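Let's take a walk through a protein model together. Have a look at the picture first, and then we'll go through some of its parts.

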Amino acid sequence: MYHRFRIGALALGLAAGGPLPKDPCALLKPAEIQAALAPDTKITAGVPTTKSLPLAVSCSYTWGPRTPQWGESSLLVMVIDLSQAWPGLSAEQIQQGVLLSAKGDKADASLITGVGDAGVFTSKAGNYNGRAEAVLEAKGVHLSVEFHGGEVLSHKDKIIALLKGAARRL
């Protein structure tokens with residue numbers, strides 16, 4: 001994971017509420033994911049996870065068939081509370097941190113426009129993961145959509161479109 005969380009922020013977050021959605025699975029519909037990434041496969045409802053509260057919430061979708069290369073395909077939508085994870089940092093500082101981390105992991109990274117204050121798409125050759133993420137300062141969150149499966153770069157625009165769709169629902 002590209003994010004580094006501060007223990008002090010986590011301790012402070014236990015007492016404070018944040019801008020996280022109550023249902024992270026409401027940010028993307030299974031039909032949207034199916035249309036974008038797996039038109040020949042039925043994708044069922046996502047599974048929400050709140051075990052990272054108060055720092056983050058997420059929703060995961062998985063579908064088959066299982067392959068020898070990457071296993072099942074999946075999509076993870078995660079919303080992170082900026083004030084808990086990166087207190088005092090600007091959108092540009094967070095974006096630069098994500099870009100530097102991606103380059104340090106020998107991943108391809110490119111900027112995303114048209115969503116939030118700062119957006120980045122990253123992928124790492126050979127691990128079948130592609131992530132589109134954006135900082136939405138006005139909402140107080142960092143939103144990411146990570147796809148695992150197949151030729152990730154051929155799905156880059158679709159992953160970014162899913163990020164933008166999820167951002168509109170925040």
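How do the residues of the lining of the largest cavity divide into nonpolar, polar and charged? The split is six nonpolar, three polar and one charged. Here Ala, Val, Leu, Ile, Met, Phe, Trp, Tyr, Cys and Pro count as nonpolar, Asp, Glu, Lys and Arg as charged, and the others, Gly among them, as polar.

Before going on, a word on the ground rules. This is a predicted model, where local features need pLDDT of at least 70 and side-chain atom pairs count only at pLDDT 80 or more, while totals for chains, interfaces and linings use all residues. Residues are numbered from 1 along each chain as its sequence is written, and side-chain values use heavy atoms, leaving out hydrogens and water.

Back to the empty space. On a 1 Å grid over the protein atoms alone, a cavity is a set of points where a 1.4 Å probe fits but cannot get out, and a pocket is an open set with protein on both sides within 12 Å along at least five of seven lines; lining residues have an atom within 4 Å of a point. Grid points are joined across faces, edges and corners, and a volume is the space filled by probe spheres set on the points. The structure has one cavity of 30 Å³ or more, and about 40 Å³ of space lies in the largest cavity. Among the residues lining this cavity are Ile 94, Val 120, Glu 133 and His 142.

Now for a pocket. The second largest one has a volume of about 170 Å³. It is lined by 15 residues, and the closest to its centre are Leu 37, Ala 38, Trp 63, Trp 70 and Ser 73. Strand E2 (residues 56-67) gives the largest share of that lining, four residues. Helices (H or I, at least four residues) and strands (E, at least two) are DSSP runs, numbered from the N terminus.

Just look at the loop between strand E1 (47-49) and E2, and you'll find Pro 54. The peptide bond from Leu 53 to Pro 54 is cis, with omega near 5 degrees.

Next, try Glu 146, which sits in strand E7 (residues 141-148). Its C-alpha atom is 5.6 Å from that of Gly 130, although the two are 16 residues apart along the chain. Leaving aside residues up to four places away in sequence, Glu 146 touches Ser 74, Leu 75, Leu 76, Asn 129, Gly 130 and Arg 131, where contact means heavy atoms within 4.5 Å.

Finally, find Glu 32, Ile 33, Ala 36 and Leu 37 in H2, which meet Lys 158, Ile 159 and Leu 162 in H5. By class, this contact has five nonpolar, no polar and two charged residues.
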